[in-house]
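Hi there,

Here is the structure I promised to pass on to you. Have a look at it first, and then read on for my notes.

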Amino acid sequence: MSEILQGAYGPDADDVRGALALPGRAYLDPAVFAAEADAVLRAGWLPVARESDVAAPGDYRSVDLLDTPLVVTRDSEGEIRVLSRVCRHRGMPVVEGSGNAKALTCPYHLWRYRLDGSLAAAPAMERSQTFDAAACGLPRIASTRWGGWIFANLDGRAAPLAPQLEPLAERIAYAQPETLVTVGVVEFDSPWNWKVMVENFLESYHHIGPHAATLQQTNPGLGTYEGTGGDLFTILENPPAEGHDPFVVAAIFPLTLMFFSQGEAPVGVWYELSQLQSAAFRLRVHLLAPPALAASPEFAAAFREQVTAIHMEDIPACEGVQRGVASPLYAPGPLSHLEACLWRFHRFLRRCGASASLPAA
Ligand code: FES
Ligand SMILES: [Fe+2]
């Protein structure tokens, strides 16, 4: 195991009963974050968009996961690509945000790229002896689709995603995740390490604390459990109190966090983490609903309010943990059986650290 990450994630345990929380430096040390960016994040499948974000030919969506500006495009044939959006001239990002365009034109000197990344035009380059249009396309990043999401793999070495997720696909098939459309996005600055967010998302033990007046009333924390888990995913089951519906929380490691309600007309939530730094990231909470509900502004407004209220309850916990683990008196505490999904996530991290230390094949 890479030495930095071994120290960072602490000892492994065979099951949650022997498991501890992570050491403080896992959340704090910029050197750990740098090692993790390669071994965990660039090595994995990271969500970059919903397919419905680039539904029409010409649609594009910019995304900054780490220090690699990307753009997701759909070309006139309907093909989706994930490209670097750093101009091949002098490095300006050729586009920001989302939109629809026939081509991506860098705002600096107007080099123009087709939606497949190839260079279509570059003004006043005919006297250059080093300019070769064919060699100046935007690099393409490995991508795949699953459940209505588009995923990118920055190092290009990740194993195919879908075969590793079959039990998860089966569990959430009832919600038809690939058909859900985004009816709103709520954004939050999040001044804490990304793993604090993943861990907060993956246990409902804390329903009894921050969510005592909300989720604890509908889905009591002490009744929750890990349904199924694998090397690359975990599923947290949330049985209901009398008269309410169950819901399911899941993660595709390292970074894809999702929630689906059960009952009539299941809805979903996707926590998109981007602009990752050692102790900060940007959170975009995407509200996903069946097309039949998407037409109703009242529904979208109520959904937004509910999801915002829940996250507002989580913010003090995440902020508090980020502050607390910096104390010299913090030491990793024991996990409850209600935190089995965290144990599984931590195993995934340790495995990534271990494979990072193997010589390249
Ligand atoms: S940096 Fe893009 S055209 Fe010059
Ligand atoms: Fe929470």
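In helix α3, the buried residues are Val32, Phe33, Ala35, Glu36, Ala37, Ala39, Val40, Leu41 and Arg42. Please keep in mind that this is a predicted model. An α-helix has 3.6 residues a turn, so residues three or four places apart point the same way. The list for α3 holds charged names as well, with Glu36 and Arg42 among the buried residues. Glutamate 36 deserves a second look, since helix α3, which covers residues 30-42, has a kink of about 40° centred on that residue. The N-terminal end of α3 is capped by aspartate 29, which places a side-chain oxygen 2.8 Å from the backbone nitrogen of alanine 31.

Next, the metal. Which residues hold the iron ion (ligand 2)? Its protein donors are NE2 of His206, NE2 of His211 and two OD atoms of Asp314, at 2.0 to 2.5 Å from the ion. Along the chain, these donors follow the spacing H-x4-H-x102-D. The angles among the four donor atoms run from 57 to 145°, and the site is irregular. To count as tetrahedral, four donors would need all angles between 85 and 135 degrees, so a range of 57 to 145° does not qualify. Are the two histidines buried or exposed? Histidine 206 has a relative accessible area of 13%, so it counts as buried, and histidine 211 is buried too, at 1%.

The aromatic residues gave me plenty to look at. There are ten aromatic pairs in the structure. One of them joins tryptophan 192 and phenylalanine 281 in an edge-to-face arrangement, with 6.1 Å between the centres and 85° between the planes. This pair links distant parts of the chain: tryptophan 192 sits in the loop between β11 (181-190) and α5 (194-201), while phenylalanine 281 belongs to strand β17 (residues 280-289), 89 residues apart. Tryptophan 192 is buried, with a relative accessible area of 0%, and phenylalanine 281 counts as buried at 3%.

Another pair is made by phenylalanine 253 and phenylalanine 345, which are tilted: the centres are 5.6 Å apart and the planes meet at 40°. Phenylalanine 253 is in the loop between β14 (247-252) and β15 (256-261) and phenylalanine 345 is in helix α9 (residues 340-356), so the pair ties together parts that are 92 residues apart in sequence. Both of these phenylalanines are buried. Phe253 and Phe345 also belong to one aromatic cluster together with Trp194 and Phe348.

Phenylalanine 253 comes up once more in the backbone. The peptide bond from phenylalanine 253 to proline 254 is cis, with omega near 5°, and proline 254 lies in the loop between β14 and β15.

There is also a charge over a ring: arginine 50 lies over the face of tryptophan 149, at 4.5 Å from the ring centre.

Two residues other than glycine have a positive phi that you may want to inspect. For leucine 110, phi is near 65°, and this residue is found in the loop between β6 (104-105) and β7 (112-113). For alanine 124, phi is near 60°; its place is in the loop between β8 (119-121) and β9 (140-146). Alanine 124 has 66% relative accessibility, so it counts as exposed.

Finally, a few loop residues. Serine 336 lies in the loop between α8 (297-324) and α9, where it is buried, with a relative accessible area of 15%. The side chain of serine 336 reaches the backbone nitrogen of leucine 338 at 2.9 Å. Alanine 326 is in the loop between α8 and α9 as well, and its 46% relative accessibility makes it partly exposed. What lies 9.8 Å from alanine 326, C-alpha to C-alpha, though 303 residues apart in sequence? That residue is proline 23. Glycine 18 gives a similar case: it is 317 residues from leucine 335 in sequence and 7.9 Å from it in space, again C-alpha to C-alpha. Glycine 18 lies in the loop between α1 (3-9) and α2 (25-28), and at 53% relative accessibility it counts as exposed.

Happy browsing, and do write back with your thoughts.

Best wishes

Note on methods
Residues are numbered from 1 along each chain as its sequence is written. Chains are lettered from A and ligands numbered from 1 in the order in which they are written. This is a predicted model: local features need pLDDT of at least 70, side-chain atom pairs count only at pLDDT 80 or more; totals for chains, interfaces and linings use all residues. Side-chain values use heavy atoms; hydrogens and water are left out. Donors are N, O and S atoms within 2.8 Å of the metal (3.2 Å for Na, K and Ca); water is not among the atoms, so sites may look incomplete. Four donors count as tetrahedral if all angles lie between 85 and 135 degrees; four count as square planar and six as octahedral if opposite donors are over 155 degrees apart and all others between 65 and 115; anything else is irregular. Buried means under 20% relative accessible area, exposed over 50%, partly exposed in between (1.4 Å probe, protein chains only). Helices (H or I, at least four residues) and strands (E, at least two) are DSSP runs, numbered from the N terminus. The bend at a residue is the angle between axes fitted to the seven residues ending there and the seven starting there. A polar contact is a pair of N or O atoms within 3.5 Å; within protein, one must be able to donate a hydrogen and the other to accept it, and residues adjacent in sequence count only if both atoms are side-chain atoms. Rings of Phe, Tyr and Trp (its six-membered ring) pair if their centres lie within 6.5 Å; planes under 30 degrees apart count as stacked, over 60 as edge-to-face and the rest as tilted. A charge sits over a ring if NZ of Lys or CZ of Arg is within 6 Å of the ring centre and within 35 degrees of the ring normal.
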